[in-house]
Amino acid sequence: MNEILNLKNAFKTYGKTQVLKDINFKLNKSEVISLLGDNGAGKSTLIKCLSGLEKFDKAELIINEKKVNLKNYDIKNARDLGFETVYQESSVGLEQEIFRNIFLGREITNTFGFINIKKEQEVSMHLLQNFLGLRGVGINPNSKVSSLSGGERQGLAIARAIYFDSKVIILDEPTTALAIKEVGKVLNFIKTLQEHEKSCILITHNISHAYEVSNRFIILERGEIKADIKKDDISLIELQSKLLTIQNEYQ
Ligand SMILES: Nc1ncnc2c1ncn2[C@@H]1O[C@H](COP(=O)(O)OP(=O)(O)OP(=O)(O)O)[C@@H](O)[C@H]1O
Ligand SMILES: [Mg+2]
C-alpha cells in the first residue's frame, strides 16, 4: 500500500466562518504535494488540523490504513503517527541552543533517566555537517538557533524530521521572506526528503517553487479543493493560469 494519509469529508468553522468545506485528499509515500491558494483560502487551517494543533469539526482521517480517533488527536498523537510540522509563524526557540531545539520533547536519556547531552551534541553536529552542510563555519550544536540563516533554520527542522524518522513533513511557507540563495537551500532540502522516502505537504505562494519540488498540486479556494493535479499532467504556465482562473472566479 502506497497511501500514507487519506482525509475524507473534513469540515472546520471558526465562529460563523466556514473555513474548510468537505475536504478530501490522499497523500502517498515519497510524494511531495503543494497546497496552493489565495490568502485566507484555509491552507494553514488545514495543516493545523492535520498536525493536531487545531481540531476538525468533522472528518475521517486514515493514516497508514488505520482510522485515527480524532477526539483524542493532538500534536503528540500526530507526532507519534509520524507527522512533523513547521508552522508559518515559527520564530519560537530562536534563543535556544541548536541541540536543545533538535531534541526538545524527545531527549536522549541515559539509563538513569538523565538527558545525555553529549550524545545529543554529537548527533546535532552530524546533522549540521552532513545534512545542512555547515562545515567549518563556526556553528556548532551549542550555537543559538538565531545564528542560523532563515533557510538553514527550515533545513534544521527538516533534518530533525528525518532524524526522528517522521513519515510526513508539513512546511507552511518555508521560503517566504528568504533571500534567493536561501530559497535554493530550502528547495534542495525538500528534494532530499524523497531520497529518504518521506512525504511532504508544502504550502507556498510561489508557484515556481511548488512546481520545482512537488509531484502534485492541490488548489484550495475559500475552503474547498478546486483542483488536484499531477505534475505530469500540467506545465508551470498552465498551473499558473489555472490558479489565476480559479482565483478570478471568486473576486
Ligand atoms: N484562530 C482563528 N480564529 C478565527 N478565524 C480564523 C482563525 N484562523 C484562521 N481564521 C480564518 O480562517 C480563514 C483561513 O485562514 P488560513 O490561515 O487557514 O488561510 P491561509 O490559506 O493559510 O492564508 P495565507 O495564505 O494568508 O496564509 C481566514 O478567513 C482566517 O481569517
Ligand atoms: Mg497560511
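A polar contact here is a pair of N or O atoms within 3.5 Å; within protein, one must be able to donate a hydrogen and the other to accept it. With that in hand, welcome to this predicted model. In helix 4, the side chain of Ser-124 reaches the backbone oxygen of Glu-120 at 2.7 Å. The points below start from that serine, then turn to helix 6, a threonine beside it in the contact list, an antiparallel sheet and the surroundings of ligand 1.

**Ser-124 in helix 4**

- Ser-124 sits in helix 4, and it counts as buried because its relative accessibility is 0%.
- Leaving aside residues up to four places away in sequence, Ser-124 touches Phe-99, Ile-102, Phe-103 and Pro-141.

**Helix 6 and its buried face**

- Helix 6 runs over residues 180-195, which makes 16 residues. From first C-alpha to last it reaches 24 Å, close to the 22 Å expected at 1.5 Å a residue.
- Its buried residues are Glu-182, Val-183, Val-186, Leu-187, Phe-189, Ile-190 and Leu-193. Seen down the axis of helix 6, these buried residues fall within an arc of 150°, so they line one face of the helix.
- As background, an α-helix has 3.6 residues a turn, so residues three or four places apart point the same way.
- On the face turned away from the buried side, helix 6 carries the exposed residues Ile-180, Lys-181 and Glu-195.
- What do the buried residues of helix 6 pack against? Their partners are three strands and three helices by name: strand 3 (32-36), strand 7 (168-172) and strand 8 (199-203), together with helix 4 (117-131), helix 5 (150-163) and helix 7 (207-213).
- After helix 6 comes Glu-197, with a positive phi near 60°.

**Thr-175, in the loop before helix 6**

- Thr-175 belongs to the loop between strand 7 and helix 6.
- Is Thr-175 buried or exposed? With a relative accessibility of 8%, under the 20% limit, Thr-175 counts as buried.
- Not counting residues up to four places away in sequence, Thr-175 touches Val-183, Val-186, Leu-187, Thr-204 and His-209. Val-183, Val-186 and Leu-187 are among the buried residues of helix 6.
- Thr-175 and Val-186 are eleven residues apart in sequence, with 6.9 Å between their C-alpha atoms.
- The contact with His-209 is also polar: the two side chains meet at 3.2 Å.

**The antiparallel sheet**

- Four strands make up an open sheet in the order 2-1-4-5, with antiparallel pairing. Strand 2 (17-28) and strand 5 (66-67) are the edge strands, and each pairs on one side only.
- Strand 1 and strand 2 run antiparallel and are joined by eight bridges. They form a hairpin with two residues between them, and Gly-15 in the turn has a positive phi of about 60°.
- Strand 1 (residues 3-14) also pairs with strand 4 (residues 58-63) in the antiparallel sense, over five bridges.
- Leu-7 is a handy landmark for viewing both pairings: Leu-7 stands opposite Phe-25 in strand 2 and opposite Leu-61 in strand 4.

**Around ligand 1**

- How many residues surround ligand 1? There are 13, and the closest are Gly-40, Lys-43, Ser-44, Thr-45 and His-205.
- A polar side-chain atom of Asn-39 lies 2.8 Å from an oxygen atom of ligand 1.
- Backbone atoms take part too: a polar one of Ala-41 is 3.1 Å from an oxygen atom of the ligand, and a backbone N or O atom of Gly-42 lies 3.0 Å from a ligand oxygen atom.

Note on methods:
Residues numbered from 1 in each chain as written. Chains lettered and ligands numbered in written order. Predicted model: local features only at pLDDT ≥ 70, side-chain atom pairs only at ≥ 80, totals over all residues. Heavy atoms only, no water. Expected span 1.5 Å × (residues − 1). Buried < 20%, exposed > 50% of the residue type's maximum accessible area, 1.4 Å probe, protein only. Arc of directions from axis to C-beta. Contact = heavy atoms within 4.5 Å. Pairing = 2+ DSSP bridges. Near = heavy atom within 4 Å.
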